[in-house]
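Trainee: Before we look at the model together, could you take me through the terms and show what each one rests on?

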Amino acid sequence: MPKWLKVLVGIFSSLIAITIFAAIFFYQMLTSSLPKYEGTIQSNKIISDIEIYRDSLAIPYIFVETDEDAAFALGYLHAQERLFIMDFIRRAGEGRLAEILGEKALPFDKMFRTVGIKRTIQENYSRYDSKVIKILQAYSNGVNKFIEENKGNYSVEFDVLGYQPENWKPIYSLIVVRMMGWELNLSWWVDFTYAELIEKFGKDKLLEILPDINESNLEKIPATKNISLLAKEFIQTNLGFRNLIGWRGTQVGSNNWVVNNLKSTSGKPIIANDPHLAFSAPGKWYAVVIKSKNWNAAGVTLPGVPGIVIGKNENISWALTNLMNDDADYFYETLDSAKKNYLLDGRWTPLQIIKDTIKIKNQKEFAFEITRTHRGPIISEIHPFTFVYNEDNKTYSAISMQWLGNFFSDEMLAFLKINKAQNFSEFREAVSYFALPGQNFLYADNQGNIGYVMGAKIPQRSQTASTIISDGKTSANDWKGFVPKDELAVIINPPENFYATANNNLFPNFKFHISNLWEPTSRFDRINFLLNKKVKHSTDDFMKYQMDQTSEYAKQVVPYIIKAFEDVKVKDKNLLEALELLEKWDCEMNGSTQVTSIYQVFLKYLLRNIYLDEMGEDLFNKFLFIANVPYRSLLKILPSETSWFDDITTSKIEDKNFVIRKSLSDALTYLEKKYGKDLSYWQWGRIHKVIFKHPFSGNFNLIDQFINIGPYEIGGDGTTIFNTEYPFAKSIEEFAAFRHDEFENVLGPSMRFIYDFAKPEEINLILTTGQSGNIFSQHYSDMSESWLKGKLMKIKTDEASIKKSDKKLLKIVRAK
């Protein structure tokens, strides 16, 4: 062999060896952060020894003697699998992201310091139940045990951002609970958008298109012309934060239903739940089984918080959907020239001024002032300090916010009591402590009872107060307290032998204002149809129902398309075929069908062709942003002939049928250009896909392929029981997580849960991704395929089944 060849071979071999060594070293370094599922650890913070079994999907089964040790174990487990997202969310709620992200996070910190989540909790800390504080301290001890013993071996996100987690405190869990309320609050967008619409069109024209609203809701307050300017920075900051945290989508609703023994094939109640939240990787929930003397519960938990949110105990089971409670109001304030006082009932009233300082990574601290009225903070100051000067009376205008999250409530106590409730009376009493975010609590028990309890604090508003933007100069628009607990809806053993909720208006005759932001009734109508269709239902039936993709909404829209083409001679081959498909369609939105694609793209162009010409691009996209608004608006406008159908940019007068025909034609043109003229390539699943995105997603495509889960083809839309919402509004390019492909599924069932009381020691459950938030874990994405196919895990909860099977065992023993 020539000498040069020997040298070349030697160099090549050395490079291979170095590469292999580096790869092994790098892999071991990264995987060293993986949680340990077996072995023994010691702690002096527990009362007695703890056993944690884990199955093949990393579901933990906790065996303990006391409630405090159960909380300790849960804290340790959450930290093992989800520490980064726990720490990130509580930092956000505190207003401390700039410490790890630098100056770009300063607006978010200003927003949350101004809103005052942490400040409200601190001011009311002594009011929390002593049992809650005890459990939260034990939970914190568990989190901190993991933090202390894993220094330098946390998940890769900490290394990327270059910081180490601090010890967990009880207040952090309370912040995580409040942040859930902030996530589900929709008023921050809709109230201001409606105000802009009123400003542009006036209430009469707007009443033609705004759903579930009446004239009294649209009272035009004085000097509204600057609301859009005042609110702009608050909205942009909130959008930016939601991008950062991955809260995409707006149909933050859910499905739940329950049948009693008379409508169950097993002869016992069966309950089902699938909460609809923004998709992410990792997913929202962490499944667990708790076994102790006084705390025996199983279901899903929210990392950062001790307790089962949705699940069952030995005697009852419970399920939740969003009540859609309007829990925030905004007020147009008048400030004096010094910006130290605000006008209230004809008098200048001093603003409360709070001085605060934000630490910024690698920069000087940022000092600023927070100003508050008696209702709440001035939020138009967030970024930058935004006031509008009124030359005529030498005053400034600003926007303040009154939010339920700034009132005391003890959701932790509610869930601790729910976890242990033995009957409907105890369950109802437990739910009475719950306020934010308002929920529909569904109930069943082992005695055959089923029921419903409204869990919320509902503000009492005056008859004259606007539910959009109110005049802050008068106290007549203040909240008058909250609806008395004994007037909140409660139902026990309904005569239909079942009950269902799907974020619709369940109580149209309720004498107090709850919301104007209901979801379309499509999911609710479909659930009721299925529950009435059969005399009795099984767990397998419920699994099928959760995957149902037939849209009752589409059934209302499609006849308008068919009617618009009556007596019209159609020559285009694809148009003719599209009409034939639509006429025969049963409105099942299977991912393999072409007719679903035609309908969905038609819907996109129908919205554009009705509203865009008059609203303009910016306001049109704001109108579309909360998806339930345009969905319901279409159902309000389609039965009528209105000037909204006329395109004001043309000299002709267009009517409804013209706009419908044009929209279908536009849809076919779009599909032909993007997927070819052959309809056989227009399957809905090719267009409509889901990706579970990591918080770091959107920065580098190569990394995205590793940290994201998907894409997967999917069926359905935002009106099917299997909710697969895609945004109507345009992609927001300046925010990575709000960049999306057209028709990309961004929100839906964050988990599925079914429980049949005939099998008291077995729950059926699936998550969107997996138990772990560690991207190197096999449990980061091991449930996604099952979730897509509608398969649920059978989780045994009895001690014999847990301990006799082949599970990994981690022991936490009391240090001597």
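Trainee: Which residue is the bridge partner of A287 in strand 7?

Mentor: The bridge partner of A287 in strand 7 is V300. This is a predicted model, in which local features need pLDDT of at least 70 and side-chain atom pairs count only at pLDDT 80 or more, while totals for chains, interfaces and linings use all residues. Residues are numbered from 1 along each chain as its sequence is written, and side-chain values use heavy atoms, with hydrogens and water left out.

Trainee: What makes strand 6 and strand 7 a pair?

Mentor: Two strands pair if DSSP finds at least two bridges between them, and five bridges join strand 6 (residues 286-291) to strand 7, the two running antiparallel. Strand 6 and strand 7 form a hairpin, with five residues between them. Strands here are DSSP runs of E with at least two residues, helices are runs of H or I with at least four, and both are numbered from the N terminus.

Trainee: How do you know that strand 7 is largely enclosed by the rest of the structure?

Mentor: Buried means under 20% relative accessible area, against over 50% for exposed and partly exposed in between, with a 1.4 Å probe and protein chains only. Five of the five residues of strand 7 (residues 297-301) are buried, so strand 7 is largely enclosed by the rest of the structure.

Trainee: Which strands continue the pairing after strand 7?

Mentor: Strand 7 is joined to strand 8 (residues 310-313) by four bridges in an antiparallel arrangement, and A297 has N313 as its bridge partner in strand 8. Strand 8 in turn pairs with strand 9 (residues 316-322) in the antiparallel sense over two bridges, where K312 has S317 as its partner.

Trainee: What makes strand 1 and strand 20 edge strands?

Mentor: The strands belong to an open sheet of 11 strands, in the order 1-28-2-3-6-7-8-9-17-18-20 with mixed pairing. Strand 1 (39-43) and strand 20 (490-492) are its edge strands, as each pairs on one side only.

Trainee: Why is helix 17 called roughly perpendicular to helix 21?

Mentor: Helix 17 (residues 573-584) and helix 21 (residues 656-675) pack at an angle of about 110°, with their axes 11 Å apart. That angle makes helix 17 roughly perpendicular to helix 21, since angles of 65 to 115 degrees count as roughly perpendicular, under 35 as roughly parallel, over 145 as roughly antiparallel and the rest as oblique. The axes are lines fitted to C-alpha atoms, for helices over the stretch in contact, and angles run from 0 to 180 degrees between N-to-C directions.

Trainee: Why, then, is helix 18 called oblique to helix 21?

Mentor: The axes of helix 18 (residues 594-615) and helix 21 come within 8 Å and cross at roughly 125°. That makes helix 18 oblique to helix 21.

Trainee: How do you know that helix 20 is largely enclosed by the rest of the structure?

Mentor: By the cut-off for buried already given, eight of the 10 residues of helix 20 (residues 628-637) are buried, so helix 20 is largely enclosed by the rest of the structure. Among these buried residues are Y631, R632 and I637. The buried residues of helix 20 pack against helix 9 (187-201), helix 16 (552-564), helix 18 and helix 19 (617-625), and contact means heavy atoms within 4.5 Å.
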